[in-house]
Amino acid sequence: MNLYTDTPLASAIFELFEKFNEKLVIHLNEAQTHGAIKAFIFGGCAIHLFTNVRGSDDVDIEISSAKKLDTHSLILEVDDVYYTDPLEGDKVLSLDDTFNVGLPTLHPDYKERVIPLSTGNTVLHVYLVSAIDIAISKLERCQADDVTDIVALYKKGYFTLDEFEELAIEASGYSINPEKLRLNISHVIIECENS
């Protein structure tokens, strides 16, 4: 799997997580427990790491914590990262404190397919949600940019349309509007076939 981890945005993403880890170490105020906090990357930054097609101004993350900790407040304390994009010039990247993993429809087993990005001797372990699960997470909204993102992931060969359809239909059982999601699945498959 060829992830785009050497781009200026990718470097900014990793720097942001280093800053977040530093905040966690300070606030835990005890011996480090490696991997006590897990961050799962969604959204535009995930698309960038998979395809280098587009970027984002913030990192959508889900936090899983083995410790009782107000991670939302800590996210607000993490300083933004400034970097230079080769096409857009000076940019700023921040952690999104409003992302809610309950809003997109997700397959219940998505954490079984995550890709470890940073799981060393740190409190914070960072994972990239798999391309197929990122695609499924974009089905609920299914705006033009979401469809473009899904097509980009498909064209990079991260999943077949059969795999996508099977997992997406399974995920639709967890949607508040499964009929709409199934229509969106059909629409996206046609867009991928025509790409």
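## The β5-β6 hairpin

In this predicted model, strands β5 and β6 pair in the antiparallel sense over three bridges. The two strands form a hairpin, with five residues between them. Within this pairing, Ser118 has Val126 of β6 as its bridge partner.

Strand β6 covers residues 124-128, and five of its five residues are buried. The burial applies to both faces: Leu124, Val126 and Leu128 lie on one side, His125 and Tyr127 on the other, and all are buried. β6 also pairs with β1, in the parallel sense and over five bridges. In that pairing Ile37 stands opposite Leu124 of β6.

## The sheet as a whole

The strands belong to an open sheet of six, in the order β3-β4-β2-β1-β6-β5, and the pairing is mixed. The edges are taken by β3 (81-85) and β5 (115-118); each has a single partner strand, so one side of each is left without a neighbour in the sheet. On average, neighbouring strands of this sheet are turned by 30° against each other, direction ignored.

Strand β2 (residues 58-65) pairs with β4 (residues 89-95) in the parallel sense, over two bridges. Here Val59 stands opposite Leu95 of β4.

## The β3 edge

β3 and β4 run antiparallel and are joined by five bridges. A hairpin of three residues connects β3 to β4, and Tyr82 stands opposite Val92 in β4.

In a regular strand, side chains alternate between the two faces of the sheet. β3 shows this alternation: Val81, Tyr83 and Asp85 point to one face and are buried, while Tyr82 and Thr84 point to the other and are not buried. In β6, by comparison, the residues on both faces are buried.

## Helices α1 and α2

Helix α2 (residues 43-51) lies across β1 (37-42), β2, β4, β5 and β6, and runs at about 75° to β1.

Leu24 is located in helix α1 (residues 8-28). Leu24 has 0% relative accessibility and therefore counts as buried. Not counting residues up to four places away in sequence, Leu24 touches Ile37, Leu69, Leu74, Val123 and Leu124. Two of these contacts, Ile37 and Leu124, also stand opposite each other in the pairing of β1 with β6. The C-alpha atoms of Leu24 and Thr98 are separated by 19 Å, with their positions 74 residues apart along the chain.

## Helices α4 and α5

Asp133 is located in helix α4. Its relative accessibility is 1%, so Asp133 counts as buried. Leaving aside neighbours within four places in sequence, Asp133 is in contact with Leu106, His107, Tyr110 and Arg113.

Helix α5 (residues 144-155) has twelve residues and reaches 16 Å from its first C-alpha to its last, close to the 16 Å expected at 1.5 Å a residue. Its buried residues are Asp146, Val147, Asp149, Ile150, Val151, Ala152 and Leu153. An α-helix has 3.6 residues a turn, so residues three or four places apart point the same way. The buried residues of α5 pack against α2, α4 (131-137), α6 (161-172) and α7 (178-193). After α5 comes Gly157, which has a positive phi near 85°.

## Aromatic pairs

Six aromatic pairs are found in a search of the whole structure. One of them, Phe159 with Phe164, is stacked, at 5.6 Å centre to centre and 20° between the planes. Phe159 and Phe164 are both buried.

Phe42, Phe99 and Tyr110 are linked by ring pairs into a cluster. Tyr110 is also one of the residues in contact with Asp133.

## Confidence

The chain has a mean pLDDT of 91, and 97% of its residues reach 70 or more. Confidence is lowest in helix α3 (residues 71-77), where the mean is 85, and highest in α4, at 97. Asp133 lies in α4, whereas one contact of Leu24, Leu74, has a number that falls within the range of α3.

Note on methods
Residues are numbered from 1 along each chain as its sequence is written. This is a predicted model: local features need pLDDT of at least 70, side-chain atom pairs count only at pLDDT 80 or more; totals for chains, interfaces and linings use all residues. Side-chain values use heavy atoms; hydrogens and water are left out. Two strands pair if DSSP finds at least two bridges between them. Helices (H or I, at least four residues) and strands (E, at least two) are DSSP runs, numbered from the N terminus. Axes are lines fitted to C-alpha atoms, for helices over the stretch in contact, and angles run from 0 to 180 degrees between N-to-C directions. Contact means heavy atoms within 4.5 Å. The expected span of a helix is 1.5 Å times one less than its number of residues. Buried means under 20% relative accessible area, exposed over 50%, partly exposed in between (1.4 Å probe, protein chains only). Rings of Phe, Tyr and Trp (its six-membered ring) pair if their centres lie within 6.5 Å; planes under 30 degrees apart count as stacked, over 60 as edge-to-face and the rest as tilted. pLDDT is the predictor's confidence in each residue, from 0 to 100.
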